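Visitor: Could you take me on a close look at just one part of this molecule, the sheet? I'm in my first year, so please go strand by strand and tell me who sits next to whom.

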Amino acid sequence: MRAAIRVFGAGGPFALLGRFRSAAVGPFRAYATDRQRAVVLRWRSRTVVVTPDEPEAFAEEVREAAGL
């Protein structure tokens, strides 16, 4: 999220929501409240960035649910 450019959406002191683009991630949607806790979820047709309270635990739950 560091060098991301907002294409469409809202940003303020409490949240970053909308469509973004960055060189590292490409185009993505963000539902973020804390840039330091960003987790990138990739599918074939889209990428989403979320910021859960516990990123490592969240990522592990996603991996288990996906069977990875």
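**A walk across the sheet**

Guide: Let's begin with β1 and β2, which pair in the antiparallel sense over six bridges. Before we go on, keep in mind that you're looking at a predicted model. The link from β1 to β2 is a hairpin, and the hairpin runs through four residues. If you want one spot to look at in this pairing, try R6: its bridge partner in β2 is F20. Remember F20, because we'll meet this residue again on the other side of β2.

Now move on to the next neighbour. Strand β2 covers residues 16-22, strand β3 covers residues 26-32, and the two pair in the antiparallel sense over seven bridges. Here F20 turns up again, standing opposite F28 in β3. So which residues make up the aromatic pair? The structure holds one aromatic pair, and F20 and F28 form that pair. The two rings are stacked, with 5.7 Å from centre to centre and 15 degrees between the planes. Those are the two values you want for any such pair: the distance of the centres and the angle of the planes. Are these two residues buried or exposed? F20 is buried, and F28 is buried as well.

From β3, the next step takes us to β5. Strands β3 and β5 pair in the parallel sense, over three bridges. One place to look is R29, which stands opposite V48 in β5.

Stay on β5 for a moment, since there's plenty to see. T47 lies in this strand, which covers residues 47-50. In a regular strand the side chains alternate between the two faces of the sheet. Look at β5 with that in mind: T47 and V49 point one way, V48 and V50 point the other way, and all of them are buried. Take T47 as an example: its relative accessible area is 10%, and buried means under 20%, so T47 counts as buried. What does T47 touch, leaving out residues up to four places away in sequence? The answer is V25, P27, F28, R29, V40, L41 and R42. You already know F28 from the aromatic pair, and R29 from its place opposite V48.

Next comes β4. Strands β4 and β5 pair in the antiparallel sense over four bridges. Within this pairing, V39 has V50 of β5 as its bridge partner. A hairpin through four residues joins β4 to β5. In the loop between these two strands you'll find W43. With a relative accessible area of 46%, W43 is partly exposed. There's a nice detail here: the charged end of R46 sits over the ring of W43, 5.0 Å from the ring's centre.

Let's put the pieces together. The five strands make an open sheet in the order β1-β2-β3-β5-β4, and the pairing is mixed. Why do β1 and β4 each have one side without a neighbour in the sheet? Both stand at the edges, β1 with residues 5-11 and β4 with residues 39-42, and each has a single partner strand, so one side of each is left without a neighbour there. From one strand to the next, the twist averages 20 degrees.

Finally, step back to see what surrounds the sheet. The protein's secondary structure comes to one helix and five strands, and the elements run β-β-β-β-β-α from the N terminus on. That helix is α1, residues 55-66, and E61 has its place there. E61 has 53% relative accessibility, and that's why E61 counts as exposed. To get a feel for distances, try W43 and A57: these residues are 14 apart along the chain, and their C-alpha atoms are separated by 20 Å. As for the whole protein, the C-alpha trace spans about 35 × 25 × 15 Å along its principal axes. Of the 68 residues, 28% count as buried, F20 and F28 among the buried ones.

Note on methods. Residues are numbered from 1 along each chain as its sequence is written. This is a predicted model: local features need pLDDT of at least 70, side-chain atom pairs count only at pLDDT 80 or more; totals for chains, interfaces and linings use all residues. Side-chain values use heavy atoms; hydrogens and water are left out. Two strands pair if DSSP finds at least two bridges between them. Axes are lines fitted to C-alpha atoms, for helices over the stretch in contact, and angles run from 0 to 180 degrees between N-to-C directions. Buried means under 20% relative accessible area, exposed over 50%, partly exposed in between (1.4 Å probe, protein chains only). Rings of Phe, Tyr and Trp (its six-membered ring) pair if their centres lie within 6.5 Å; planes under 30 degrees apart count as stacked, over 60 as edge-to-face and the rest as tilted. A charge sits over a ring if NZ of Lys or CZ of Arg is within 6 Å of the ring centre and within 35 degrees of the ring normal. Contact means heavy atoms within 4.5 Å.
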